[in-house]
Amino acid sequence: MDLADVHALSVDGEQVKKWLRAQPRQPHTTTQLQALIDAFTDEYNHRRPYRSLPQRATPATTYHARPKAGPSTDRTSDTHDRVRHDTISKTGSVTLRVAGRLRHIGIGRTYAGTYVLLLVQDLNVRVINAATGELLREPTIDPRRDYQPTGRPPGTTPKKQKA
(Lines give C-alpha, C1' and ligand atoms only; values in the text may rest on other atoms or scores of the structure.)
Protein backbone atom coordinates (compact mmCIF):
# COMPACT_ATOMS: atom_id res chain seq x y z
CA MET A 1 0.00 0.00 0.00
CA ASP A 2 1.49 3.38 -0.97
CA LEU A 3 0.76 6.86 0.37
CA ALA A 4 -2.09 7.49 -2.09
CA ASP A 5 -3.87 4.36 -0.81
CA VAL A 6 -3.56 5.44 2.81
CA HIS A 7 -4.90 8.91 1.97
CA ALA A 8 -7.97 7.54 0.18
CA LEU A 9 -8.84 5.24 3.07
CA SER A 10 -8.51 7.97 5.66
CA VAL A 11 -10.65 10.41 3.69
CA ASP A 12 -13.42 7.99 2.65
CA GLY A 13 -13.97 5.76 5.67
CA GLU A 14 -17.75 5.93 5.21
CA GLN A 15 -17.40 4.75 1.62
CA VAL A 16 -15.30 1.80 2.79
CA LYS A 17 -18.01 0.79 5.29
CA LYS A 18 -20.75 1.16 2.68
CA TRP A 19 -18.77 -0.89 0.15
CA LEU A 20 -18.01 -3.61 2.71
CA ARG A 21 -21.70 -3.93 3.71
CA ALA A 22 -22.64 -4.34 0.02
CA GLN A 23 -20.30 -7.30 -0.52
CA PRO A 24 -22.11 -10.62 -1.07
CA ARG A 25 -19.58 -12.56 1.04
CA GLN A 26 -19.00 -10.96 4.41
CA PRO A 27 -15.63 -11.57 6.12
CA HIS A 28 -15.44 -13.82 9.18
CA THR A 29 -11.74 -13.35 10.01
CA THR A 30 -9.37 -10.39 10.08
CA THR A 31 -7.47 -11.93 7.14
CA GLN A 32 -10.65 -11.99 5.04
CA LEU A 33 -11.47 -8.42 6.10
CA GLN A 34 -7.97 -7.25 5.17
CA ALA A 35 -8.33 -8.94 1.74
CA LEU A 36 -11.60 -7.04 1.14
CA ILE A 37 -10.10 -3.73 2.27
CA ASP A 38 -7.13 -4.28 -0.05
CA ALA A 39 -9.54 -5.00 -2.93
CA PHE A 40 -11.48 -1.80 -2.16
CA THR A 41 -8.27 0.24 -1.96
CA ASP A 42 -7.04 -1.10 -5.29
CA GLU A 43 -10.39 -0.41 -7.00
CA TYR A 44 -10.80 3.01 -5.38
CA ASN A 45 -7.31 4.31 -6.16
CA HIS A 46 -6.19 2.51 -9.32
CA ARG A 47 -9.29 1.64 -11.39
CA ARG A 48 -12.24 3.90 -10.53
CA PRO A 49 -12.14 7.18 -12.50
CA TYR A 50 -12.97 10.40 -10.63
CA ARG A 51 -15.16 13.09 -12.16
CA SER A 52 -13.44 15.77 -10.08
CA LEU A 53 -9.94 14.96 -11.39
CA PRO A 54 -8.66 16.12 -14.80
CA GLN A 55 -9.38 13.61 -17.61
CA ARG A 56 -11.30 11.51 -15.04
CA ALA A 57 -7.99 10.22 -13.70
CA THR A 58 -7.60 7.90 -10.74
CA PRO A 59 -6.13 9.17 -7.44
CA ALA A 60 -3.00 7.04 -7.92
CA THR A 61 -2.37 8.51 -11.39
CA THR A 62 -2.79 12.05 -10.07
CA TYR A 63 -0.60 11.36 -7.03
CA HIS A 64 2.26 9.88 -9.05
CA ALA A 65 2.09 12.67 -11.67
CA ARG A 66 2.69 15.46 -9.15
CA PRO A 67 6.20 16.56 -8.17
CA LYS A 68 7.24 15.38 -4.73
CA ALA A 69 8.70 17.63 -2.06
CA GLY A 70 12.07 16.65 -0.69
CA PRO A 71 15.06 18.09 1.07
CA SER A 72 17.25 20.41 -0.92
CA THR A 73 20.83 19.36 -1.52
CA ASP A 74 22.03 22.98 -1.44
CA ARG A 75 23.01 23.80 2.15
CA THR A 76 24.87 27.07 1.48
CA SER A 77 22.08 29.28 2.83
CA ASP A 78 21.36 27.18 5.95
CA THR A 79 21.79 28.99 9.25
CA HIS A 80 21.92 27.80 12.83
CA ASP A 81 19.02 29.50 14.60
CA ARG A 82 18.08 29.08 18.24
CA VAL A 83 16.49 30.86 21.20
CA ARG A 84 17.95 30.73 24.71
CA HIS A 85 16.39 31.88 27.97
CA ASP A 86 18.94 33.01 30.53
CA THR A 87 19.60 35.35 33.44
CA ILE A 88 22.39 37.93 33.40
CA SER A 89 25.03 36.94 35.97
CA LYS A 90 26.32 39.07 38.86
CA THR A 91 29.26 40.05 36.68
CA GLY A 92 26.89 41.42 34.02
CA SER A 93 27.33 38.75 31.36
CA VAL A 94 25.55 35.77 29.81
CA THR A 95 27.15 32.65 28.41
CA LEU A 96 26.55 31.09 25.01
CA ARG A 97 28.07 27.94 23.57
CA VAL A 98 29.53 28.58 20.11
CA ALA A 99 31.58 26.00 18.23
CA GLY A 100 31.69 23.77 21.30
CA ARG A 101 33.08 26.44 23.64
CA LEU A 102 31.41 28.83 26.07
CA ARG A 103 31.53 32.49 25.12
CA HIS A 104 30.77 35.21 27.64
CA ILE A 105 28.79 38.17 26.34
CA GLY A 106 29.13 41.33 28.40
CA ILE A 107 25.87 43.20 28.97
CA GLY A 108 26.64 45.36 32.00
CA ARG A 109 26.39 44.92 35.77
CA THR A 110 23.35 47.20 35.91
CA TYR A 111 21.38 44.35 34.33
CA ALA A 112 22.57 41.63 36.76
CA GLY A 113 19.71 39.24 37.57
CA THR A 114 17.64 40.33 34.55
CA TYR A 115 15.87 37.55 32.61
CA VAL A 116 16.82 37.72 28.96
CA LEU A 117 16.18 36.01 25.65
CA LEU A 118 19.12 35.30 23.37
CA LEU A 119 18.12 35.10 19.72
CA VAL A 120 21.01 33.41 17.95
CA GLN A 121 21.55 33.12 14.20
CA ASP A 122 25.00 31.69 13.48
CA LEU A 123 27.37 34.24 15.09
CA ASN A 124 24.82 37.07 15.32
CA VAL A 125 23.17 37.40 18.73
CA ARG A 126 20.41 39.63 20.06
CA VAL A 127 20.09 39.89 23.84
CA ILE A 128 16.57 41.05 24.73
CA ASN A 129 15.11 41.88 28.15
CA ALA A 130 12.43 39.19 28.55
CA ALA A 131 10.14 41.44 30.61
CA THR A 132 10.25 44.64 28.53
CA GLY A 133 11.37 43.50 25.08
CA GLU A 134 14.21 46.06 25.16
CA LEU A 135 17.20 45.16 22.99
CA LEU A 136 20.15 45.17 25.40
CA ARG A 137 22.93 44.10 23.08
CA GLU A 138 23.41 42.92 19.49
CA PRO A 139 26.95 41.58 19.12
CA THR A 140 28.51 39.41 16.44
CA ILE A 141 30.47 36.69 18.23
CA ASP A 142 34.22 36.71 17.63
CA PRO A 143 35.05 32.97 17.73
CA ARG A 144 38.68 33.76 18.69
CA ARG A 145 37.63 35.37 21.99
CA ASP A 146 36.00 33.81 25.05
CA TYR A 147 34.77 37.16 26.37
CA GLN A 148 32.75 39.35 24.03
CA PRO A 149 33.30 42.85 25.43
CA THR A 150 30.65 45.56 25.47
CA GLY A 151 32.88 47.90 23.51
CA ARG A 152 33.02 50.43 26.35
CA PRO A 153 36.33 51.27 27.99
CA PRO A 154 37.00 49.31 31.20
CA GLY A 155 36.30 50.91 34.54
CA THR A 156 33.50 53.07 35.79
CA THR A 157 31.73 55.50 33.53
CA PRO A 158 32.99 59.02 34.21
CA LYS A 159 30.38 61.38 35.63
CA LYS A 160 29.38 64.39 33.58
CA GLN A 161 30.80 67.63 34.88
CA LYS A 162 28.49 70.57 35.46
CA ALA A 163 29.07 73.45 33.12
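Which residue in E5 does leucine 117 stand opposite? The partner is isoleucine 128, and that pair is a handy way into this predicted model.

First, some ground rules. Numbering starts from 1 along each chain as its sequence is written, and side-chain values use heavy atoms, with hydrogens and water left out. Because the model is predicted, local features need pLDDT of at least 70 and side-chain atom pairs count only at pLDDT 80 or more, while totals for chains, interfaces and linings use all residues.

**The sheet**

Helices (H or I, at least four residues) and strands (E, at least two) are DSSP runs, numbered from the N terminus. Two strands pair if DSSP finds at least two bridges between them. On that basis, 4 strands make an open, antiparallel sheet in the order E1-E4-E5-E6. E1 and E6 (135-137) are the edge strands, each pairing on one side only. From one strand to the next, the twist averages 30°. (The angles run from 0 to 180 degrees between N-to-C directions, with axes as lines fitted to C-alpha atoms.)

E4 (residues 115-121) has E1 (residues 81-87) as an antiparallel partner through 7 bridges, and arginine 82 has valine 120 of E4 as its bridge partner. E5 (residues 124-129) joins E4 through 6 bridges, also antiparallel. E4 and E5 form a hairpin with 2 residues between them.

E4 also has a neat two-faced pattern: Val116, Leu118 and Val120 point to one face and are buried (under 20% relative accessible area, 1.4 Å probe, protein chains only). Tyr115, Leu117, Leu119 and Gln121 point to the other face and are not buried.

**The cores**

A nonpolar core here is a set of buried Ala, Val, Leu, Ile, Met, Phe, Trp, Tyr and Cys residues joined through side-chain atoms within 4.5 Å. The largest one has 13 residues, and Ile105, Leu118 and Val125 have the most contacts inside it. E2 (93-98), E4 and E5 are the elements that give two or more residues to this core. There is a second, separate core of 9 residues, including Val16, Leu20, Leu36 and Leu53.

Taking contact as heavy atoms within 4.5 Å, and leaving aside neighbours within four places in sequence, isoleucine 105 touches Leu118 and Val125, among others including Val94, Leu96, Pro139 and Ile141.

**Two positive phi values**

Most residues other than glycine have a negative phi. Two loop residues go the other way; exposed means over 50% relative accessible area, and partly exposed lies between 20% and 50%.

| Residue | Phi | Loop | Relative accessibility |
|---|---|---|---|
| Alanine 99 | about 55° | between E2 and E3 (101-106) | 73%, exposed |
| Aspartate 122 | near 55° | between E4 and E5 | 37%, partly exposed |

**How far to trust it**

pLDDT is the predictor's confidence in each residue, from 0 to 100. The protein's mean is 83, and 90% of its residues reach 70 or more. Among the elements, E4 has the highest mean pLDDT (95), while helix H1 (residues 3-11) has the lowest (48). Over residues 6-11, pLDDT stays under 50, and the model has 8 contacts beyond four places in sequence for that stretch.
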